[in-house]
Amino acid sequence: MNQDAEPPVAKPKRAYPRASSEGRSRNMRANRRSDTKPEIALRKALHARGYRYRKDFRLDLPGGVRVRPDIVFTARKVAVFVDGCFWHVCPVHGREPTSNEWYWTPKLRRNVERDRTADAALTASGWQVVRLWEHEPLPSAVETVATAIDRASIELGFEAIAED
C-alpha cells in the first residue's frame with residue numbers, strides 16, 4: 001500500500017434541523033412520497049372509469065433527466081402529478097415555514113424548481129403533463145386527467161377510451 005496516499009475524504013453530512021418535538025418528528029416521518037390519500041382516490045376513480053395506468057413509474061428522459069410521476073399513461077404519454085400543498089408551495093394553501101426557515105425555504109424552492117425542470121423535460125419529450133393540487137375536488141381532477149388523455153389519444157391516433 002502506498003504510504004504517500006491521502007486517506008479518502010468523507011462527504012459532509014447534510015445538516016437537518018432538529019425536530020421541535022417527538023410529535024412533529026412522528027408527523028414528518030409519516031409523510032409519504034407515493035400512495036398519498038389524494039393520489040389513491042384519484043387512481044381509484046380513474047380505474048373505475050376504465051383507465052389503466054402505471055403508478056410511481058420512473059421515466060428516463062433524454063439528457064439524463066429522471067422523472068417519477070404519480071400516475072403514468074405510457075402509451076398516450078400523459079404524466080400526472082398530485083402535488084401536496086406544503087411540499088410544492090401551493091399558491092392557495094402553501095405557506096412559508098415559521099421554524100427552521102434556513103432549511104425549509106431552500107428545500108421547498110428546490111422542489112418547485114425540480115417540478116419545472118421535470119415539466120420541461122417531459123414536454124420536450126412529447127409528454128402531456130397534468131399537475132393537480134391535493135385539495136382539488138376529485139370530480140374536477142378526474143375530468144382534467146380524462147381531458148388530457150382524450151387530447152393525447154387524438155394527437156397520437158388512438159381510439160378514445162370508452163366509459164362503461
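# Close-up views of a predicted model

The secondary structure of this protein, shown here as a predicted model, comes to 4 helices and 6 strands. Along the sequence these elements follow the pattern α-α-β-β-β-β-β-α-β-α. Of the 164 residues, 32% count as buried, and among the contacts between residues at least 6 apart in sequence, 58% join residues at least 24 apart.

**View 1. Four strands of the predicted model form an open sheet of mixed pairing, in the order β1-β4-β5-β6.** The edges of the sheet are taken by β1 (54-55) and β6, each of which has a single partner strand, so that one side of each is left without a neighbour in the sheet. Helix α4 (residues 138-156) packs on this sheet and touches β4 (71-73), β5 and β6, and the direction of the helix makes about 180° with that of β6. Strands β5 and β6 run parallel and are joined by 6 bridges; together with helix α3 (residues 101-124) they make a right-handed β-α-β unit. In strands in general, the side chains of a regular strand alternate between the two faces of the sheet. In β6 (residues 128-133), Gln 128, Val 130 and Leu 132 make up a covered face, whereas Val 129, Arg 131 and Trp 133 make up an uncovered one.

**View 2. Asp 83, a residue of strand β5 (residues 78-83), has its bridge partner in β6.** That partner is Trp 133, while Val 82 has Leu 132 as its bridge partner in β6. Asp 83 has a relative accessibility of 5% and therefore counts as buried, the limit for that class being under 20%. The side chain of Asp 83 is joined to that of Arg 131 by a polar contact of 2.9 Å, and Arg 131 belongs to the uncovered face of β6. When neighbours within four places in sequence are left aside, the residues in contact with Asp 83 are His 88, Asp 115, Arg 131, Leu 132, Trp 133 and Glu 134.

**View 3. Asp 70, in the loop between β3 (65-67) and β4, reaches the backbone of Val 82 with its side chain.** The distance from the side chain of Asp 70 to the backbone nitrogen of Val 82 is 2.6 Å. Although Asp 70 lies in a loop, its relative accessible area is 8%, and Asp 70 is therefore classed as buried. Residues up to four places away in sequence not being counted, Asp 70 touches Glu 39, Arg 54, Lys 55, Asp 56, Val 80, Phe 81 and Val 82.

**View 4. The largest nonpolar core has 18 residues.** The residues with the most contacts inside this core are Leu 42, Leu 46, Phe 73, Val 78, Val 80 and Val 145. At least two residues of the core are supplied by each of α2 (37-48), β4, β5, β6 and α4, and the largest share, 7 residues, comes from α4. Not counting residues up to four places away in sequence, Leu 42 touches Ile 71, Val 80, Val 82, Leu 132, Leu 138, Ala 141, Val 142 and Val 145.

**View 5. A second, separate core of 10 residues includes Leu 61, Phe 81, Ala 118 and Ala 121.** Ala 121 lies in helix α3 and, at 15% relative accessibility, counts as buried. With residues up to four places away in sequence set aside, Ala 121 touches Leu 61 and Val 65. Ala 121 and Val 65 are 56 residues apart in sequence, yet the distance between them in space is 7.1 Å, taken from C-alpha to C-alpha.

**View 6. Two loop residues, Asp 56 and Lys 77, have positive phi values.** Most residues other than glycine have a negative phi. For Asp 56, in the loop between β1 and β2 (59-61), phi is near 50°; for Lys 77, in the loop between β4 and β5, phi is near 55°. Asp 56 is buried, with a relative accessible area of 17%, whereas Lys 77 counts as partly exposed at 26% relative accessibility. Asp 56 is also among the residues that Asp 70 touches.

Methods
Residues are numbered from 1 along each chain as its sequence is written. This is a predicted model: local features need pLDDT of at least 70, side-chain atom pairs count only at pLDDT 80 or more; totals for chains, interfaces and linings use all residues. Side-chain values use heavy atoms; hydrogens and water are left out. Buried means under 20% relative accessible area, exposed over 50%, partly exposed in between (1.4 Å probe, protein chains only). A polar contact is a pair of N or O atoms within 3.5 Å; within protein, one must be able to donate a hydrogen and the other to accept it, and residues adjacent in sequence count only if both atoms are side-chain atoms. Contact means heavy atoms within 4.5 Å. Two strands pair if DSSP finds at least two bridges between them. A crossover is right-handed if, with the strands pointing away from the viewer, the path from the first strand over the helix to the second runs clockwise. Axes are lines fitted to C-alpha atoms, for helices over the stretch in contact, and angles run from 0 to 180 degrees between N-to-C directions. A nonpolar core is a set of buried Ala, Val, Leu, Ile, Met, Phe, Trp, Tyr and Cys residues joined through side-chain atoms within 4.5 Å.
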